[in-house]
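Work through the following exercises with the sequence and the coordinates side by side. Try each task before reading its solution.

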Amino acid sequence: MADDSTFRNTATSTVSTDVAPSAEPPAAAVARTVRRIWADVLEVDIASIDLHHSDFFELGGYSLLALQSIGRLLAEYGVDEVASVELEGALLNRLFEDATPMAQAECLVAGGHGGAAPGGDAGP
């Protein structure tokens, strides 16, 4: 019986470890980068931006600031000039449809970029 108990504990630990890394969506780290860029561009406190609910335009954003924030996001993730032309349009369209950091992040990840956090993403 002791062997069965040890096996169950080991199996439980293995399951917990396997589940934890997939708990965060791939776009979550990118959304935090979007939030940091928005806070800087919009000159608002980063804590006031919710990844899933904050609206770029309700935070004081407008089209020129949207282009500025998108340009900074693409530069941060090292998107080359050729790819950035198409992706910039997709990100801008998505911003007008769903102006949240997570929507921007999902669009960037769907475009094949932003899978890994850029340097400095942790931020203060």
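The exercises below concern a predicted model, and they go from the fold to the paired charges, the cavity and the surface.

**Exercise 1. Describe the secondary structure of the chain and state what share of its residues is buried.**

Solution. Begin by counting the elements, which come to 5 helices and 0 strands, so that, read from the N terminus, the order is α-α-α-α-α. Next take the accessibilities, with buried meaning under 20% relative accessible area; of the 124 residues in the chain, 33% fall into that class.

**Exercise 2. Find the salt bridges and state which helices each of them joins.**

Solution. As background, side chains of opposite charge can pair when their charged atoms come close. The model contains 3 salt bridges, which can be taken one at a time.

- Step one: the side chains of Arg36 and Glu76 pair at 2.5 Å, N to O. Because Arg36 belongs to helix H2 and Glu76 to helix H3, this pair ties together parts that are 40 residues apart in sequence. Arg36 is partly exposed at 21% relative accessible area, and Glu76 is partly exposed at 26%.
- Step two: Asp40 and Arg72 form a salt bridge at 2.6 Å, N to O. Asp40 is in helix H2 and Arg72 in helix H3, so the parts tied together here are 32 residues apart in sequence. Both partners are partly exposed, Asp40 at 43% relative accessibility and Arg72 at 32%.
- Step three: Glu106 pairs with Arg94, their closest N and O atoms lying 3.5 Å apart. Since Glu106 lies in helix H5 and Arg94 in helix H4 (residues 81-97), the pair ties together parts that are 12 residues apart in sequence. Glu106 counts as partly exposed at 38% relative accessibility, as does Arg94 at 24%.

**Exercise 3. Locate the largest cavity and characterise its lining.**

Solution. The model holds 1 cavity of 30 Å³ or more, and the volume of the largest cavity is about 40 Å³. Its lining consists of Val34, Ile37, Trp38, Ser69, Ile70, Leu73 and Gln104. Sorting these residues by type gives 5 nonpolar, 2 polar and no charged. Assigning them to elements then shows that helix H2 (28-42) and helix H3 (63-76) each supply at least two residues of this lining.

**Exercise 4. Identify the residues that make the nonpolar surface patch of about 310 Å².**

Solution. The patch is made by Tyr62, Leu64 and Leu67. Of these, Leu67 can be placed in helix H3. Patch members need over 30% relative accessible area, and Leu67, which is partly exposed, has 36%.

Conventions:
Residues are numbered from 1 along each chain as its sequence is written. This is a predicted model: local features need pLDDT of at least 70, side-chain atom pairs count only at pLDDT 80 or more; totals for chains, interfaces and linings use all residues. Side-chain values use heavy atoms; hydrogens and water are left out. On a 1 Å grid over the protein atoms alone, a cavity is a set of points where a 1.4 Å probe fits but cannot get out, and a pocket is an open set with protein on both sides within 12 Å along at least five of seven lines; lining residues have an atom within 4 Å of a point. Grid points are joined across faces, edges and corners, and a volume is the space filled by probe spheres set on the points. Helices (H or I, at least four residues) and strands (E, at least two) are DSSP runs, numbered from the N terminus. Ala, Val, Leu, Ile, Met, Phe, Trp, Tyr, Cys and Pro count as nonpolar, Asp, Glu, Lys and Arg as charged, and the others, Gly among them, as polar. Patches are made of residues with over 30% relative accessible area and no salt bridge: like charges are joined within 9 Å, nonpolar side chains (Val, Leu, Ile, Met, Phe, Trp, Tyr) within 5 Å. Accessible areas come from the Shrake-Rupley method with a 1.4 Å probe; for residues, only the protein chains shown count as cover. A salt bridge is a side-chain nitrogen of Lys or Arg within 4 Å of a carboxyl oxygen of Asp or Glu. Buried means under 20% relative accessible area, exposed over 50%, partly exposed in between (1.4 Å probe, protein chains only).
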